[in-house]
Amino acid sequence: MDTTIDELKTSLRRALAQTTFDIGGGEIIDLQQLRELHAPAKGDPQDLRRVRSVGVRVLGSLKAGIASSLREALAHFVDPESDRVGLAFPMGGGGGGYTKGWPTGVITRATVSSLNQLAVELLLGAALLGVDCVADLLAGWTKGEPVRYRTCRLIRLAIDRPLAPLDGVTIAPLPLSTEELPAGLPAGGSIRRSDYLGHSIVCVDTKAVPALFRPQAGSLPYLPTQQETWKGKMIRVGRVRELHDGRRKRNGRDKGALPRRGGGAR
């Protein structure tokens, strides 16, 4: 039994019981109300946008307790001088981000976060997904498991049915009415929900390894590698971009053309 993860779960539960959430407009809600807004069955786009920008209101002493538990659980990944940890995913309010592209098409990307900020992000994750889920994910990352997620991008392509040209790649058509658009699509700023109408979304299974690393003060840290996987094999990110970008051309031919069903990556 991992006692440090158990202590982290205890700290998260203790903090959640006294945490409230700011969803903007001067409205403060409790944990149950936040979960109702986030409920997949409800799926209201406006509510989901409010959840994405929610502010966590937690006592400093409770946040410090979570940070202390993290310091023990992530001992191999915390820089003792700065009290920061390296992560293979974005973290708001962290200590900096790093991105580097390689000739192979692989991208290395990482964030360095203070333990206090990571504590707040984990608290929000625990509020939405559950304490056990978030803590167990973190425990897996400490053992070398990758961060797994989906990379999605809008493409200017009209299709009449969902496609799966390769394992780990899906292309889904979008409706012609904003009322029928699925919840969770990014919107705001220069992106309007109407921009999605009649086009398609391509999604690629993605992983980043290592999920956690110890940042090195004053130098570029060892960065995680973001890799899309097709058929269980790593492929170069450039090939994914060829699928994503409908206007990429080379030698007078449109390299953004999506492969037909049954086609494979070259």
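The following exchange goes through some features of a predicted model.

Colleague: Which strands pair with strand 11, and how many bridges join strand 8 to strand 11?
Modeller: Strand 10, residues 169–173, runs antiparallel to strand 11 and is joined to it by five bridges. Strand 8, residues 147–155, also runs antiparallel to strand 11. The strands that pair with strand 11 thus include strand 10 and strand 8, and for strand 8 the number of bridges is nine.

Colleague: Is strand 11 largely enclosed or largely open, and how many of its residues are buried?
Modeller: Strand 11 covers residues 200–209, which makes 10 residues. A residue counts as buried when its relative accessible area is under 20%. The rest of the structure largely encloses strand 11, because the number of buried residues in it is seven.

Colleague: Which residue of strand 11 stands opposite Arg153, and which stands opposite Ile171?
Modeller: Arg153 has its partner in strand 11, and that partner is Val202. Ile171 also stands opposite a residue of strand 11, again Val202.

Colleague: What is the bridge partner of Val169 in strand 11?
Modeller: Strand 10 and strand 11 run antiparallel. Within this pairing, Val169 has as its bridge partner Val204.

Colleague: What lies between strand 9 and strand 10, and which residue in the turn has a positive phi?
Modeller: Strand 9, residues 163–166, runs antiparallel to strand 10, with two bridges between them. One bridge pairs Leu163 with Ile171 of strand 10. The two strands form a hairpin with two residues between them, and the turn residue with a positive phi, about 90°, is Gly168.

Colleague: How many disulfides are there, and which cysteines are joined?
Modeller: A pair of cysteine sulfur atoms counts as a disulfide when they are within 2.5 Å. The S to S distance here is 2.4 Å. The count is one disulfide, and the joined residues are Cys152 and Cys203.

Colleague: How far apart in sequence are the parts that this pair ties together?
Modeller: The link of Cys152 and Cys203 is right-handed, with 110° about the S-S bond. Cys152 belongs to strand 8 and Cys203 to strand 11, so the parts tied together are apart in sequence by 51 residues.

Colleague: Which of the two cysteines is partly exposed, and which is buried?
Modeller: Buried means under 20% relative accessible area and exposed means over 50%, with partly exposed in between. Cys152 has 44%, so this residue is partly exposed. Cys203 has 10%, so the buried residue is Cys203.

Colleague: At what angle do helix 1 and helix 5 pack, and which residues of helix 5 make the contact?
Modeller: Helix 1, residues 3–16, and helix 5, residues 115–129, pack at about 75° with their axes 10 Å apart. Angles of 65 to 115 degrees count as roughly perpendicular, and the two helices are therefore roughly perpendicular to each other. Helix 1 contributes Leu12, Ala15 and Leu16 to the contact, and helix 5 contributes Leu122, Leu123, Ala126 and Ala127.

Colleague: How many residues of that contact are nonpolar?
Modeller: The contact of helix 1 with helix 5 has no polar and no charged residues. The number of nonpolar residues is seven.

Colleague: Which peptide bond is cis, and where does Pro210 lie?
Modeller: Most peptide bonds are trans. The bond from Val209 to Pro210 is cis, with omega near -15°. Pro210 lies in the loop between strand 11 and strand 12.

Colleague: What is the phi of Asp83?
Modeller: Asp83 lies in the loop between strand 4 and strand 5 and is partly exposed, at 27% relative accessibility. Most residues other than glycine have a negative phi. Asp83 has a positive phi, near 60°.

How values were computed: Residues are numbered from 1 along each chain as its sequence is written. This is a predicted model: local features need pLDDT of at least 70, side-chain atom pairs count only at pLDDT 80 or more; totals for chains, interfaces and linings use all residues. Side-chain values use heavy atoms; hydrogens and water are left out. Buried means under 20% relative accessible area, exposed over 50%, partly exposed in between (1.4 Å probe, protein chains only). Helices (H or I, at least four residues) and strands (E, at least two) are DSSP runs, numbered from the N terminus. Two strands pair if DSSP finds at least two bridges between them. Axes are lines fitted to C-alpha atoms, for helices over the stretch in contact, and angles run from 0 to 180 degrees between N-to-C directions. Angles under 35 degrees count as roughly parallel, over 145 as roughly antiparallel, 65 to 115 as roughly perpendicular and the rest as oblique. Contact means heavy atoms within 4.5 Å. Ala, Val, Leu, Ile, Met, Phe, Trp, Tyr, Cys and Pro count as nonpolar, Asp, Glu, Lys and Arg as charged, and the others, Gly among them, as polar.
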